[in-house]
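Welcome to a small set of exercises on one protein model. Have the viewer open, try each task yourself, and then read the solution.

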Amino acid sequence: MPRKYDVALLKNMKDGARTELYEGVPILVKPIPEGGQPGDMDPRLYKSMRLMPLLSRFMPKPKKDATVLETIMPFRKMFGEYKGDILVDSGLDVREVTVPSADGYRVPVRIYKRTSAGKNRPIFVYYHGGGFFGGGVHIVEQMCETLVANYDCVALNIDYRLCPEAHYPQPFEDCWCATKWAFDHAEELGADKTKLAVGGDSAGGNLAAAITLRDRDEGTGMVKLQVLLYPAVNISGRHTEFYQGVDLNRYRMSKKHKKVLRCTLGMMTGMLGTGSLLDDVYLQGHLPADSIYASPLLDDFHGLPETMVIFGEHDMLAFEDIAYVRAAHKAGVPPKVVLYEGISHGFADQIGVMPQAEDCMLEIAQQMRTLFGA
């Protein structure tokens, strides 16, 4: 299917990219492809969000006695709607398997690879986002297919159990067991288990970071690269050396977009940002929020593999993401960091609609190519 933007915009971002140092950490900054003023919103994002200040007045407020499930249901519906378009629709072999989790639950896993024969491909295991309670494999399918179309790897899309019907450790174990299955079955997948990457967006980024920590702690040696897209890395909200909370005044906002940005960021930070909702939905008292498997930012970052972190300048999680980047850099794990100007949370699954989503997958493909070879 054709893109809903001119392919030249991808070249504009590539040609306009620049490396900036932030507190000693090099960051690859990708501009809004059409250009603009500092602090502008991407025009596609602004078009979809420009009425937010007006609509926010009429949004229903959660009832004081509402259950967690009642609170998240409107968001679950929203997160379950695919906002992208079909970009890759041929040339790939897609199949589904189920993998046993720790408690015997069969985890659905969707596998993507090129139809051409080949062996010893790298592996990319992906965990979708959605606040631990929404989203699904269908939302990130085009992300996986776009990656495989641009880099010859085997991608696995993990359909872990959602919360609050499930809770920690079930989604975590689903992802861990699926990753272990990919590692153990690499040969039959036509893959090389020594070239395994994990990745995820938002809540999925939390899971990817936590899986990487468990891999290190248990000495299984599976993960050689973690790819974290606007990850939720501090459910606890605890302050650290590099994280001191969210301050809307520190976001760069242009005058013409400031009203929309402040409304959107304030609403998303208040409802789904760092704090109690994700704790109530995902952990439900089964793991302290300050555990490194819930809040990877609180780790000491020793022994981590190659790391890539991608987020937008107007992301509600930008403060904890940059804190994660700085902590990793200080610990001697210099991450590859990509920041998209004019972009907020949840853009990467909008393949074919947002040029930044396609560019994001091209950046991941290039990082895997650099690390694992062609």
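Below are six exercises, each with a worked solution.

The model is predicted, so to speak, from the start: local features need pLDDT of at least 70, side-chain atom pairs count only at pLDDT 80 or more, and totals for chains, interfaces and linings use all residues. Residues are numbered from 1 along each chain as its sequence is written, and side-chain values use heavy atoms, with hydrogens and water left out.

**Exercise 1. The overall fold**

Task: Find how many helices and strands the protein chain has, and compare its radius of gyration with that of a compact globule.

Solution: Start with the secondary structure: the protein chain has 11 helices and 10 strands (DSSP runs, numbered from the N terminus; helices are H or I with at least four residues, strands E with at least two). Next, take the extent of the C-alpha trace, which spans about 55 × 50 × 40 Å along its principal axes. The radius of gyration is 19 Å, which agrees with the value near 21 Å for a compact globule of 374 residues (taken over C-alpha atoms; the globule rule is 2.2 Å times the number of residues to the power 0.38). Then turn to burial: 59% of the 374 residues are buried (under 20% relative accessible area; exposed is over 50%, partly exposed in between, with a 1.4 Å probe and protein chains only). Finally, consider contacts (heavy atoms within 4.5 Å): among those between residues at least 6 apart in sequence, 78% join residues at least 24 apart.

**Exercise 2. The nonpolar core**

Task: Which residues touch the most other members of the largest nonpolar core?

Solution: Recall what is being counted: a nonpolar core is a set of buried Ala, Val, Leu, Ile, Met, Phe, Trp, Tyr and Cys residues joined through side-chain atoms within 4.5 Å. The largest one has 126 residues, and Tyr127, Leu156, Leu229, Ile364 and Met368 touch the most other members. Now select Tyr127: leaving out residues up to four places away in sequence, its contacts include Ile158, Tyr160, Cys175, Val198 and Ile211. In soluble globular proteins, nonpolar side chains tend to be buried together. For a helix to inspect, try H9 (residues 276–283), where Leu277, Leu278, Val281, Tyr282 and Leu283 are buried.

**Exercise 3. A buried lysine**

Task: What does the side chain of lysine 113 reach?

Solution: First locate lysine 113 in strand S4 (residues 106–114). Lysine 113 is buried yet has no salt bridge, and the nearest side chain of opposite charge, aspartate 93, is 5.0 Å away (Lys and Arg count as positive, Asp and Glu as negative; His and the chain ends are not counted). Its side chain does reach the backbone oxygen of leucine 189, at 3.2 Å. Beyond four places in sequence, the residues touched by lysine 113 include Leu92, Arg121, Val148 and Glu188.

**Exercise 4. Salt bridges**

Task: How many salt bridges does the structure hold?

Solution: Apply the cut-off, a side-chain nitrogen of Lys or Arg within 4 Å of a carboxyl oxygen of Asp or Glu. The structure holds 28 salt bridges. One of them pairs aspartate 85 with lysine 4, with the closest N and O atoms 3.9 Å apart. Aspartate 85 lies in the loop between H4 and S3 and lysine 4 in the segment before H1, so the pair ties together parts that are 81 residues apart in sequence. Aspartate 85 is buried at 18% relative accessibility, whereas lysine 4 is exposed at 60%.

Next, arginine 161 and aspartate 174 meet at 2.8 Å, N to O. Arginine 161 sits in the loop between S6 and H6 and aspartate 174 in H6, 13 residues apart. Aspartate 174 is buried, at 0% relative accessibility.

**Exercise 5. Cis peptide bonds**

Task: Where do the prolines 164 and 169 lie?

Solution: Proline 164 lies in the loop between S6 and H6, and so does proline 169. Check omega: the bond from cysteine 163 to proline 164 is cis, near 5°, and the cis bond joining tyrosine 168 and proline 169 has omega of about 10°.

**Exercise 6. Positive phi**

Task: What is the phi of asparagine 120 and of glutamine 284?

Solution: Most residues other than glycine have a negative phi, and most peptide bonds are trans. Asparagine 120, in the loop between S4 and S5, has a positive phi of about 60°. Glutamine 284 follows H9, has a positive phi of about 50° and is partly exposed at 32% relative accessibility.

Terms used:
A polar contact is a pair of N or O atoms within 3.5 Å; within protein, one must be able to donate a hydrogen and the other to accept it, and residues adjacent in sequence count only if both atoms are side-chain atoms.
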